[in-house]
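User: I am new to this model and would like a close look at one part of it, explained step by step and with the terms made clear. Please take the place where its domains come together.

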Amino acid sequence: MTVVASVRGWHWAVGAIVAPLVIPGSMEGQAPCCLAEGLAVAGQYQVAGLEDRRFNHEIYWAAMAPALVSDRVRIIQVGESTEGRAINAVTYGTGSTSVLLWSQMHGNESTASMALADLVNFFATADTSALASLLADRLTVTMIPMLNPDGAERFIRENALGIDVNRDARILVTPEGQLLKRVRDSLQADFGFNLHDQGSRTAGDDGLLVAIALLAPAADEERSWGPVRLKARKVAAVIAGALEPEIPGRMARYDDSYATRAFGDRMQQWGTSTVLIESGALADDPQKQRLRAINVAVLLSALYAIAQDSLDQVSDLAYERLPMNRAIANDLLLLGGKIVLGNSKPIRADIAIVFDDAVAGTGPRYGEVGDLAEAVAMDTVDVTGLYLHPYLEDGFLRRGAPVVLRVRREADPESEEVWRIGEVITDR
Ligand SMILES: [Zn+2]
């Protein structure tokens, strides 16, 4: 039995396209800015207490509290959620270029909230960083982490009204959406970062699991390249170029069809050059802690390029060359086996399996069963010549039922077990 294809498997691809940027002053001549430095910052300034990606508003702001006493960052409440939770903005720097970052407008998408906590901690406490000083001089960075605290409380996408805040940019009926628009308008933000997590079952059209997807959203149906969107594409290219050596082949481009209700598209229209960053998944990163560090590094890289006013020198290619994001239906595919059901003759059939939590790989359920030769899954296992023994409550293999399965050498249920998935729940 062998894994014949794995979207999760590692793959080495072409190198970075954007020329390395160098930090001035003490950092000159060192590693390109800011991937290596950003990853170091992520390690050194990681805020404790956010190791589990399911945290609520209370845990989040308690974890950040020690950093917020610093007078280098300013925290103000900019509004409250439907259920009355405080929504805060943390600002750093006094420069002339205004940058607005917001995270977790979808309550179950917390990776960038963790990264913003680490960034705030870095800005608040780093004493000798040339990068932090440069950003403070040239930028005013406003961060609104956890824009949807009511959704975060329940780890669901929508707010307490059941509204997807990222589909509220046109009519602006949610308090969360209204305040985001109000903050943007008051800042007249030059740049925006719309920070999300995408489905972890997403691959590039090159067939590899996507860790980071990027988009310079369209500002109109024609998807035209006006000056605001062009700048956003440069920022996306900086990120793609910086990140390529760290996660080669693991980035993709999000579909750029104009989404009239979405904030990224509207921000672009309102004059804020906005980049969507979607954190997907990486193998062996169930709590997205590596993706958290990667978010810190890419945001610092992007902020640095903006602060340097060097976007004009960036090639768009690193962004344009990214494969397109593509959803994958199945987590696991068992191909070529024979299913043994009770005393009937073994049946040659493939089995697709979908996990309740695809990132953690827990809660396996049956997907499609039968001839799945063309199906695509995160992992495909060849079980040709082997026998699949499902344990079923009522003897009926039903789509959506929990998977408890033993792969054995023979049709005999006592024969050697070569692989297993799911645990048998015994009566007691
Ligand atoms: Zn989202």
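Analyst: In this predicted model, the C-alpha centres of domain 1 and domain 2 lie 39 Å apart. The domain assignment places domain 1 at residues 12-327 and domain 2 at residues 330-421 of the protein chain, with bounds that come from an automatic or database domain assignment. To the contact, meaning heavy atoms within 4.5 Å, domain 1 brings 8 residues and domain 2 brings 9 residues.

Between the two domains, about 680 Å² of area is buried, and carbon and sulfur atoms give 62% of that area; buried area here is the accessible area (1.4 Å probe) that two parts lose on being put together, summed over both. There are also 2 salt bridges between domain 1 and domain 2, a salt bridge being a side-chain nitrogen of Lys or Arg within 4 Å of a carboxyl oxygen of Asp or Glu. A salt bridge is formed by R201 and D331, whose closest N and O atoms are 2.8 Å apart.

How far the coordinates can be trusted is a matter of pLDDT, the predictor's confidence in each residue, from 0 to 100. The protein chain has an average pLDDT of 90, and 91% of the residues score at least 70, whereas over residues 9-32 the pLDDT stays under 50, although the model has 53 contacts beyond four places in sequence for that stretch. Where pLDDT is low, the predicted coordinates should not be read in detail.

Residues are numbered from 1 along each chain as its sequence is written, and side-chain values use heavy atoms, with hydrogens and water left out. Local features need a pLDDT of at least 70 and side-chain atom pairs count only at pLDDT 80 or more, while totals for chains, interfaces and linings use all residues.
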